[in-house]
Amino acid sequence: MVAGLALATDAWAQEATVLSARPDAVAITIYRAPDRDADAAIDLDWLGGYALVTETRTVDIPAGRATIRFEGVAGGILPESALLSGLPTGVREKNLDGELLSARNLYARDFGRPVILRRYSGHDGKGTVTEERAVIRSGADGAAILQTKAGFEVADCGRGFIDEIVYPELPPGLSAKPTLSVQTESPAAQRATVRLSYLAWGFDWQTNYLVRYDPAQGTADLLAWVTLASSDPTSFVDATTAVVGGEVNREDEKPEPPSEKGDLILQCYLKSLHTSPPPMVVALPPIPVPMAMEAPAMEIVVTAQRRNASVMELATKVTEEGLGDLKLYRVPVPTTVASNAQKQVAMHDLKGVKLKVLHTATLGGYEMEAQSAQLKLRTRNSKDNGLGVALPGGPLAVFEPHDGNVLLVGRGGLGNYAVNEDVEAALGSSPNVTLSVQETGSGKGWTALDAVVRNANSWPVTFEGMLALNDGERIENPSKRLGRRFGRPVWTVSVPAGGEVRLRYRVRSAD
């Protein structure tokens with residue numbers, strides 16, 4: 001048994017390591033967060049979507065056993081999803097070397113190791129600078145306890161100087177880039193082109209809609225953007241990029257947000273916390289700069305710009321493709337999905353879209369004090385109305401011209417709508433259009449009501465009031481002819497600027 005163990009140890013000791021620093025080409029397809037409503041905005045603090053990343057790499061594989069390290073994969077990679085093709089004899093084992101270089105990991109991995117304690121005299125840090133060797137004797141939570149020639153002490157604890165912890169070398173086991181390693185065994189040395197595909201968390205996308213509505217014409221210009229968001233520490237440069245619309249069923253459990261994001265927060269417990277700032281942590285060259293793991297202030301990059309009144313003159317408009325019951329939107333030119341950033345790509349630029357902006361409220365068989373109406377946008381997703389394209393869900397803003405300016409009149413969200421579906425988006429309340437209902441009489445089994453819509457705007461509006469009735473109730477003797485929507489009676493009327501419109505009706509209760 002001892003001899004066999006020695007032979008195995010010798011064999012592994014001779015195993016070669018091959019580094020693949022970056023892919024030759026990369027493709028990334030982003031899927032929406034499965035638990036986010038279609039009309040809800042992206043949560044930049046926690047991107048719950050995921051991406052399918054496919055990388056093409058060229059590697060020189062030595063004869064015998066070897067470990068191939070694929071650097072620069074996504075930091076949120078799900079290693080169990082990794083598929084690798086193109087190797088001569090396949091993969092024996094794969095591992096995610098996921099402990100990235102960060103201030104917290106750097107401190108924690110140097111526990112018990114010598115560092116340099118650099119001290120600046122004076123509370124402003126502008127006095128004399130001294131350095132001495134020290135050994136870290138505490139973990140990454142709480143106070144920074146260091147051992148020096150003078151004994152044990154707490155760094156930066158308000159004694160008239162400011163401390164920095166300087167690391168002379170990179171501790172083993174830390175990687176400046178997310179790395180996936182695989183073990184191979186080849187009968188001969190050869191160069192291979194391999195394809196690595198995997199899923200990764202920390203991505204999301206949505207469509208943002210801007211609508212410029214002309215109430216005089218009843219038409220609008222609709223501009224839609226695809227927003228790509230990544231909280232991953234890895235950037236995918238010149239990637240073939242696409243997004244998938246619709247919900248994909250995934251049964252696996254989504255990982256929870258990491259409890260520690262790489263920051264090092266140390267406190268001096270010997271004095272009041274407000275007088276003891278945490279010690280500064282720096283690293284000497286050639287240690288790489290820690291990668292940012294958070295995305296609260298994400299950079300926004302716009303890949304198409306307005307030119308000659310049309311943003312679609314550039315070749316960056318996404319193209320729509322079928323993907324089973326889903327829709328795939330492909331960016332036709334290579335684009336960079338940058339680390340901790342957002343990017344917007346043009347999707348639709350439609351002119352003369354026929355739609356209605358109206359005010360809605362619910363009436364019933366009861367009195368109601370004045371309430372603001374709800375502003376809604378409504379159309380049908382058809383070519384006759386200037387649409388006829390798939391509309392993925394996302395936030396929406398509606399603007400109207402007013403006195404030579406363009407003003408925001410409402411913001412809301414648009415759900416997922418296929419071609420030839422009725423489209424409706426709620427844009428919030430309208431305080432200038434109100435509805436009140438008063439009881440004017442009653443008798444055996446009936447109640448007489450008077451509904452008044454008032455418009456304080458300086459332009460006319462279209463009002464739609466749906467009458468919500470209890471089981472068995474019915475409307476009698478309406479003063480205006482009522483229509484029907486979703487099987488319910490509806491009062492649709494134009495309310496003049498600064499005016500009001502009245503509806504009188506009876507509600508007959510069930511016998």
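**Sheet, cores and selected residues of the predicted model**

In this predicted model, Asn420 has a relative accessibility of 45% and therefore counts as partly exposed, a class lying between the limits of 20% and 50%. Asn420 belongs to the loop that joins strand 25 (405-414) to strand 26 (422-443). The phi angle of Asn420 is near 70 degrees, a positive value in a residue other than glycine. A positive phi, near 50 degrees, is also found at Asn340, again a residue other than glycine. Asn340 is placed in the loop between strand 20 (335-337) and strand 21 (341-354). With 12% relative accessibility, Asn340 falls under the 20% limit and so counts as buried.

Strand 26 also takes part in an open sheet of nine strands, in which the order is 29-32-27-26-23-22-28-31-30 and the pairing is mixed. The edges of this sheet are formed by strand 29 (474-476) and strand 30 (483-485); each has a single partner strand, so one side of each is left without a neighbour in the sheet. On average, neighbouring strands of the sheet are turned by 40 degrees against each other, direction ignored. Within the sheet order, strand 22 stands beside strand 28. Strand 22 (residues 356-363) pairs with strand 28 (residues 461-467) in the parallel sense, over five bridges. Leu363 has Leu467 of strand 28 as its bridge partner.

The edge strand 30 contains Arg484. Arg484 counts as exposed because its relative accessibility is 62%, which is over the 50% limit. A polar atom of the Arg484 side chain lies 2.4 Å from the backbone oxygen of Gly487. When neighbours within four places in sequence are left aside, Arg484 is in contact with Pro489 and Val490. Arg484 and Met466 are 18 residues apart along the chain, and their C-alpha atoms are separated by 8.5 Å.

A second arginine, Arg57, is located in strand 3 (residues 49-61). Arg57 has 1% relative accessibility and therefore counts as buried. The side chain of Arg57 makes a polar contact of 2.7 Å with the side chain of Glu55. A polar atom of the Arg57 side chain is also placed 2.9 Å from the backbone oxygen of Ser20. Beyond its neighbours within four places in sequence, Arg57 has contacts that include Ser20, Ala21, Arg22, Pro23 and Asp24, as well as Phe70, Glu71, Gly72 and Val73. Ala192, Thr193 and Val194 are also among the residues in contact with Arg57.

In soluble globular proteins, nonpolar side chains tend to be buried together. The largest nonpolar core of the model has 58 residues, and those with the most contacts inside it are Ile28, Tyr198 and Phe236. Strand 13 (residues 190-214) supplies the largest share of this core, 10 residues. A second, separate core has 20 residues, including Ala373, Leu449, Val453 and Val501.

Residues up to four places away in sequence not being counted, Ile28 touches Ala51, Leu52 and Val53, and also Phe203, Phe236, Ala239, Thr240, Thr241, Ala242 and Val337. Thr29 is found in strand 2 (residues 25-31). The relative accessibility of Thr29 is 16%, so Thr29 counts as buried. On the same basis of counting, Thr29 touches Tyr50, Ala51, Leu52, Ala242 and Val244. Ala51, Leu52 and Ala242 thus appear among the residues touched by Ile28 and among those touched by Thr29.

Key: Residues numbered from 1 in each chain as written. Predicted model: local features only at pLDDT ≥ 70, side-chain atom pairs only at ≥ 80, totals over all residues. Heavy atoms only, no water. Pairing = 2+ DSSP bridges. Helix = DSSP H or I, 4+ residues; strand = E, 2+ residues; numbered from the N terminus. Axes fitted to C-alpha atoms, helices over the stretch in contact; angles between N-to-C directions. Buried < 20%, exposed > 50% of the residue type's maximum accessible area, 1.4 Å probe, protein only. Contact = heavy atoms within 4.5 Å. Polar contact = N/O pair within 3.5 Å; in protein donor to acceptor, adjacent residues only side chain to side chain. Core = buried A, V, L, I, M, F, W, Y, C linked by side-chain atoms within 4.5 Å.
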